Amino acid sequence: MPPSVVVVIREDPQKSHRAVEALRIALGLSTGENPLSVVLLGQASLMISEEPEDIVDGEIMEKYLPSFKYLKIPFSVPIGTGVRFDLDPEFDIRELSEEALRAAIAGSDRILVF
């Protein structure tokens, strides 16, 4: 079985281009045979909200988001994030407890943190 990959994004997309760059990298990793998931922490969940506003490099991000929807790449976020950010239901989103998020990250073979 190929090694699993988790991309953890904790950068604030309203303050840094690194969050959008992390999404681009995650999308590139999805083309391989490795199972991929993305964990969004803090303000990073803004990127998959219904109305993402004031995101650094938002115009670039808009090019990648349809592929995440089409490929059904799973996003994991802390419980309550959906209410806080009005997440777009077209994404494959899983709200997990802190313990479940830690277990998902720890159980992965490869982890990239941004």
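Strand β2, helix α2 (residues 58-71) and strand β3 form a right-handed β-α-β unit. Right-handed here means that, with the strands pointing away from the viewer, the path from the first strand over the helix to the second runs clockwise. Helices (H or I, at least four residues) and strands (E, at least two) are DSSP runs, numbered from the N terminus. A second right-handed β-α-β unit is made by β1, α1 and β2.

The model is predicted, so local features need pLDDT of at least 70 and side-chain atom pairs count only at pLDDT 80 or more, while totals for chains, interfaces and linings use all residues. Residues are numbered from 1 along each chain as its sequence is written, and side-chain values use heavy atoms, with hydrogens and water left out.

The strands of these units belong to an open sheet of five, in the order β4-β3-β2-β1-β5, with parallel pairing. Strands β4 (92-96) and β5 stand at the edges with a single partner strand each, so one side of each has no neighbour in the sheet. On average, neighbouring strands are turned by 25 degrees against each other, direction ignored. Two strands pair if DSSP finds at least two bridges between them. Strand β1 (residues 5-9) pairs with β2 (residues 36-40) in the parallel sense over five bridges. Within this pairing, V6 stands opposite S37, and L36 is the bridge partner of V5. Helix α1 (residues 18-29) packs on the sheet and touches β1, β2, β3 (74-78) and β5; its direction makes about 170 degrees with that of β1. Such axes are lines fitted to C-alpha atoms, for helices over the stretch in contact, and angles run from 0 to 180 degrees between N-to-C directions.

Strand β2 is mostly covered, with five of its five residues buried. Buried means under 20% relative accessible area, exposed over 50%, and partly exposed in between (1.4 Å probe, protein chains only). L36, V38 and L40 lie on one side of β2, and S37 and V39 on the other. On its β3 side, β2 pairs in the parallel sense over two bridges, and V39 stands opposite S76. S76 counts as buried because its relative accessibility is 6%. Leaving aside neighbours within four places in sequence, S76 is in contact (heavy atoms within 4.5 Å) with V38, V39, L40, R94, L96 and L101.

Strand β3 also takes part in an aromatic cluster formed by F68, F75 and F91. Rings of Phe, Tyr and Trp (its six-membered ring) pair if their centres lie within 6.5 Å; planes under 30 degrees apart count as stacked, over 60 as edge-to-face and the rest as tilted. The structure holds two such pairs. F68 and F75 form a tilted pair, 5.4 Å centre to centre with 45 degrees between the planes. F75 and F91 form an edge-to-face pair at 5.5 Å and 85 degrees. F75 lies in β3 and F91 in the loop between α3 (81-85) and β4, so this pair ties together parts that are 16 residues apart in sequence. F68 is buried at 0% relative accessible area, and F75 and F91 are buried too. The charged end of K69 sits over the ring of F91, 5.0 Å from its centre; this requires NZ of Lys or CZ of Arg within 6 Å of the ring centre and within 35 degrees of the ring normal.

At the β5 edge, R110 belongs to the strand of residues 110-113. R110 is partly exposed, with a relative accessible area of 47%. Not counting residues up to four places away in sequence, R110 touches P3, S4, V5 and V6.
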